[in-house]
Amino acid sequence: MDSGIVNERRASERLNLYLPIEVRSLEGEDAGSVKGGTVNVSRGGAYFLSSRNWGEGERCEITILRWPIGGKVISSPIFRAFAEVLRVDSPADAQLCSAN
């Protein structure tokens, strides 16, 4: 009989939270940065939406930006961390990436 309980493998709870971010690759010739947003976050990582093609294992720097004021995201960082892309999902026009 199915109890409806899902066994969560993650050590940290994921919170559905949108935060404006800028993600910069630390590798290769395509080392520019793109703006995006988180889908969910946890103590150990973030799942984010980006228009750039990321590769699993790619190292990056994620910067959480200040909230938009008047529709414009301010590039002044709130938090910055180095990460590695662990998983890439590709919806129709963007990529969802999991990074720790």
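Contact is taken here to mean heavy atoms within 4.5 Å. On this basis, Ser-12 touches Ser-42, Arg-43 and Gly-44, when residues up to four places away in sequence are not counted. The model in which these contacts occur is a predicted one. Ser-12 is located in the segment before β1, the strand of residues 15-16. Between Ser-12 and Arg-43 the C-alpha to C-alpha distance is 5.9 Å, although 31 residues separate the two in sequence. Ser-12 is partly exposed, because its relative accessibility of 22% is not under the 20% that marks a buried residue.

The secondary structure of the protein consists of seven strands and zero helices. Read from the N terminus, the order of elements is β-β-β-β-β-β-β. The protein has 100 residues, of which 34% are buried. Its accessible surface amounts to about 6,800 Å², and carbon and sulfur atoms account for 51% of that area. Of the contacts between residues at least 6 apart in sequence, 53% join residues at least 24 apart.

Strands β3 (residues 33-42) and β4 are paired in the antiparallel sense, with five bridges between them. The connection from β3 to β4 is a hairpin of two residues. Ser-42, which is also among the residues touched by Ser-12, has Gly-45 of β4 as its bridge partner. Strand β4 covers residues 45-50, and five of its six residues are buried, so the strand is largely enclosed by the rest of the structure.

The largest nonpolar core contains 13 residues, and those touching the most other members are Ile-21, Val-23, Phe-48, Trp-54, Cys-60, Ile-62 and Val-85. At least two residues of this core come from each of β2 (20-25), β4, β5 (59-69) and β6 (72-89). Strand β4 therefore combines a contribution to the core with burial of five of its six residues.

Charged side chains were examined next. Side chains of opposite charge can pair when their charged atoms come close. Six salt bridges are found in a search of the whole structure. One of them is formed by Glu-22 and Lys-35, whose closest N and O atoms are 3.4 Å apart. This pair links distant parts of the chain, with Glu-22 in strand β2 and Lys-35 in strand β3, 13 residues apart. Both partners are partly exposed, Glu-22 at 22% relative accessibility and Lys-35 with a relative accessible area of 44%.

A salt bridge also forms between Arg-24 and Glu-61, where the closest N and O atoms lie 3.0 Å apart. Here, too, distant parts of the chain are linked: Arg-24 belongs to strand β2 and Glu-61 to strand β5, at a separation of 37 residues. The two side chains fall in separate accessibility classes, since Arg-24 counts as partly exposed at 33%, while Glu-61 counts as buried at 12%. Arg-24 and Glu-61 are joined by Arg-80 in a network of salt bridges.

Glu-58 is found in the loop between β4 and β5. The relative accessible area of Glu-58 is 10%, and the residue is therefore classed as buried, the limit being under 20%. The side chain of Glu-58 meets that of Arg-52 in a salt bridge with an N to O distance of 2.9 Å. Arg-52 is buried as well, with a relative accessible area of 9%. A polar atom of the Glu-58 side chain also lies 2.9 Å from the backbone nitrogen of Gly-55. With neighbours within four places in sequence left aside, Glu-58 is in contact with Ser-25, Glu-27, Arg-52, Asn-53, Ala-83, Glu-84 and Val-85. Among these contacts, Val-85 is one of the residues of the largest nonpolar core that touch the most other members, and Arg-52 is the salt-bridge partner already described.

Technical notes. Residues are numbered from 1 along each chain as its sequence is written. This is a predicted model: local features need pLDDT of at least 70, side-chain atom pairs count only at pLDDT 80 or more; totals for chains, interfaces and linings use all residues. Side-chain values use heavy atoms; hydrogens and water are left out. Buried means under 20% relative accessible area, exposed over 50%, partly exposed in between (1.4 Å probe, protein chains only). Helices (H or I, at least four residues) and strands (E, at least two) are DSSP runs, numbered from the N terminus. Two strands pair if DSSP finds at least two bridges between them. A nonpolar core is a set of buried Ala, Val, Leu, Ile, Met, Phe, Trp, Tyr and Cys residues joined through side-chain atoms within 4.5 Å. Accessible areas come from the Shrake-Rupley method with a 1.4 Å probe; for residues, only the protein chains shown count as cover. A polar contact is a pair of N or O atoms within 3.5 Å; within protein, one must be able to donate a hydrogen and the other to accept it, and residues adjacent in sequence count only if both atoms are side-chain atoms. A salt bridge is a side-chain nitrogen of Lys or Arg within 4 Å of a carboxyl oxygen of Asp or Glu.
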